[in-house]
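Work through the following exercises with the sequence and the structure open. Each task is followed by a solution in steps.

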Amino acid sequence: MTKGRAAIQAWFDERGWTEFDFQKRCWNAYLRGEQGLLNAPTGSGKTYAMWFGPVMEWINEQKKDFRDVKPTGLQVLWLTPLRALASDIARALQDSCDGLGLPWTVETRTSDTSQAVKQRQLKRMPQALITTPESLHVLLSMSGGADLFKHLRMAVVDEWHELLGSKRGTQTELGLAHLRSLRPKLRTWGISATIGNLEEAKDVLLGAAAAEAKSKIVRVKQKKLMTIESVLPESIERFPWSGHLGAHMVEKIIPLVHASKTTLIFTNVRSQTEIWYHRLLEAAPELAGQMAIHHGSLDTGVRHWVEDALRRERLRAVVCTSTLDLGVDFSPVETVIQVGSPKGVARFLQRAGRSGHSPGATSRMYFVPTNALELVEAAAIQEAIKQTDVEARKPIINPLDVLVQWLTTLASGGGFKRAEALAEVRGTHAFKDISDEEFDWVLDFITTGGRSLHAYDEYKKVVLNEDGDYAIADRRTALRHRMQIGTITADAALKVQFLSGKKLGTIEEGFISGIKPGKSFWFAGRNLELVRIKEMTVFVKKSSKKDGRVPSWQGGRIPLSTEVSEHMRMQIDAAAQKKRTRRIEMRTLEPLLNLQRAWSLLPEADTLLIEKTFSREGCHVFFYPFEGRLVHEGMGAVLAYRIAQMQPISFSIAMNDYGFEILSEDDIPIEEALLRDVFSSDNLVEDIYASVNATEMARRRFREIARVAGLVFQGYPGQKKLNRHLQASSGLLFDVFEKYDGGNLLLRQAYTETLAFQLEEKRLRRALDAIRARRIELRYPERFTPFAFPIMVDRLREKLGSERVTDRIQKMKLQLEEAAG
DNA sequence: GACCTGCTGCGGTATG
């Protein structure tokens, strides 16, 4: 016993490891037979903390000196959401084995692993395997895959918070539940950053196993030191009220870049990295060659080069999106700059954590606002951090598309019996309440194709044998299925490469179709001239021109989190009550807030402000619930619908994260609507369905569901089908189900997901109920107020396109200044 | 004299 412990102790001492106590707490928990969740900041040695538990157990079991024993089979399975991390973890763990004289091997298995190694692993597993949830499922889909886990002691899920809230998390749950039924004594540990629902995160990870073993959360006691500083504009009077690029702040951060050895500059969108990179070089040409760009549309080769250069301290600054949020251990990063609001507390913390990335070091973060109200967000987020109000990641419940995929995986990997599979599936948190009917519907669907697809053999993927075994229909189906494993759906894009063949990344068709050959655009930080487009590839050459457009990508839109909105309301409340604030952001913003107060009202936390204004366009009514754009989208639609029920009137609706506007050519009878309780959450779902185009939204959702459930084939590697073909075939299936198979559970899932994710129904309902408890203040400002202005601009931009908006804004701004002056 | 948008992540033939 002490021998192993002493060896490990010595190993730590050799490295001068400072938090040895924490590692001991972790493996003692493991040795006591517990399982659970580890909550620790990066750089605390959490990897080793989890690792040495099973190592010590194994050492203790060896009667003689463990160095003489030949280890058998796979002992530890380590899941990471990022394949790029796998090799780093493997290297660290292999080093620790070698240092201890432990005869274990550590290997990775991801899509980067060579065929030869993968084949060999099927015959001879290493003692520890670092892999992704997807690769685990591929492994389980191999015949005989189950045998590989005969000796497994522990499964670790690294970065569990990253997986928890998505279908990748559900997939992880299913994989773990299966491993537990293969190895009832298996112990599961997760590693998670701080999120709002750590207890729940632990319970989801353990599923039914939580009840069988003692489970716990191990936390690092030491608090991460952090300083946050907002970079303030010269004058708030001239600071834009709307817009999100913040290019006018570029000059301000150059001294920060110079003052530190390495800086990461996080922006929220990909095009913004291109613009900022470009502007930074213009403003500080001396940074040429010492600065790089990194985002998700760049070729992996380019990205690897940047990551490597960063690690070797060859770069002073990298402008990036959240691709660098996770990823490789960037210890040399000294300073982090966040441009624009990150919209969430957890996201902000994670980025700040990228600097001072070692135990005891202080993280330094600068926040650069891009418009006036983002200063409120900055103050709100800092207050939330102080009170450790971090967002929760909610697990997904009952995603039947993932279950369809999983049962097909099980069938491919040697087959399953109904009762066993059902018990296993019910052992997960996601499917703990699945009914017999639902499960049998899925079984029927994969064996017969269900009500509407039974005529097509390709949907009869699984056969039920006489002895009650569900098995895959044939080898070709198994092969195809293996290629479809996973829950991430990506859009097809055009490749960008030099004539010489060097790949730069991908770009969307919509953008590139607006550029003619001979014209130039900015991409990967370079000015490129379009030569020609051929077979989904954009060929380019270097351009010497100075102008050129910056690509845009259709990405997600991250709404303001509940935590940030809550704290924003409180910040505004404090300002409304003229409380003294220590938040410099709020003090800076005072002139603008005073304007809002003078023209309309600064709402206190128990007040919902509504503004009604007339203009040449007609009647505008603005609402400011501060609930994030998705909720506002739904709320705006429902409200407009309810008002139109009272009196026929047509609207357009616009929103941002702070509020929404309904606009009509006629006078909007908001006064009467308020009397009639338009904010009621009664009949909410019915009214949502009546007011938004739910079918179209569900159709879009269904594309992902069809892909996860394996209903559309994406084509063989290297000859992928075009996106529009995928869209067409999933759309076709959607229509078929709508018409002939209304009870189809995957179709129903598309609608539930639309409500839950697209419209955030729960949050919308909560917001409506909260509003009814509030005092409503209706004001009639003569001008568009600072709160209203950004919503107007967003709407105009979508309607008119950005160039013409600039003129309009100019005019409005002049009017504002006249009125203010 | 500014005010321009929209994230990230994975997987994929096969024998002795």
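**Exercise 1.** Determine how β17 pairs with β21, and place both strands in their sheet.

*Solution.* Step 1: β17 and β21 (residues 537–542) run parallel and are joined by four bridges. Strands here are DSSP runs of E with at least two residues, helices are runs of H or I with at least four, and both are numbered from the N terminus. Two strands pair if DSSP finds at least two bridges between them. The model is predicted: local features need pLDDT of at least 70, side-chain atom pairs count only at pLDDT 80 or more, and totals for chains, interfaces and linings use all residues. Residues are numbered from 1 along each chain as its sequence is written, with chains lettered from A and ligands numbered from 1 in the order in which they are written.

Step 2: Gln497 has Phe539 in β21 as its bridge partner.

Step 3: β17 (residues 494–498) also pairs with β18 (residues 503–507), in the antiparallel sense and over four bridges. Opposite Leu494 stands Ile507 in β18. The two strands form a hairpin with four residues between them, and Gly501 in the turn has a positive phi of about 110 degrees.

Step 4: The sheet is open, has five strands with mixed pairing, and follows the order β18-β17-β21-β20-β19. β18 and β19 (520–523) are at the edges with a single partner strand each, so one side of each is left without a neighbour in the sheet. On average, neighbouring strands of this sheet are turned by 40 degrees against each other, direction ignored. Axes are lines fitted to C-alpha atoms, for helices over the stretch in contact, and angles between N-to-C directions run from 0 to 180 degrees.

Step 5: At the β19 end, four bridges connect β19 with the antiparallel β20 (residues 526–534). Phe523 faces Arg526 in β20.

**Exercise 2.** Give the strand order of the open sheet of six strands, and find a helix that packs on it.

*Solution.* Step 1: The order is β8-β13-β12-β9-β11-β10, with parallel pairing. The edges are β8 (225–230) and β10 (291–294); each has a single partner strand, so one side of each lacks a neighbour in the sheet. Neighbouring strands of this sheet are turned by 20 degrees against each other on average, direction ignored.

Step 2: β10 is joined to the parallel strand β11 (residues 317–320) by four bridges, and Ala292 stands opposite Val318 in β11.

Step 3: Helix α13 (residues 300–311) packs on the sheet and touches β10 and β11, its direction making about 135 degrees with that of β10. Contact between two residues means that their C-beta atoms, placed from the backbone, lie within 7 Å.

Step 4: Helix α14 (residues 345–352) lies across β8, β9 (263–266), β12 (335–339) and β13 (362–368), at about 150 degrees to β12.

**Exercise 3.** Describe the contact between domain 1 and domain 3.

*Solution.* Step 1: The domain assignment, which is automatic or from a database, gives domain 1 as 3–219 and domain 3 as 400–487 + 696–752, among others. Their centres, taken over C-alpha atoms, are separated by 30 Å.

Step 2: Domain 1 puts 24 residues into the contact and domain 3 puts in 19 residues.

Step 3: On the domain 1 side, α6 (133–140), α8 (167–182) and α9 (198–206) each supply at least two residues. α8 gives the most, with 10 residues.
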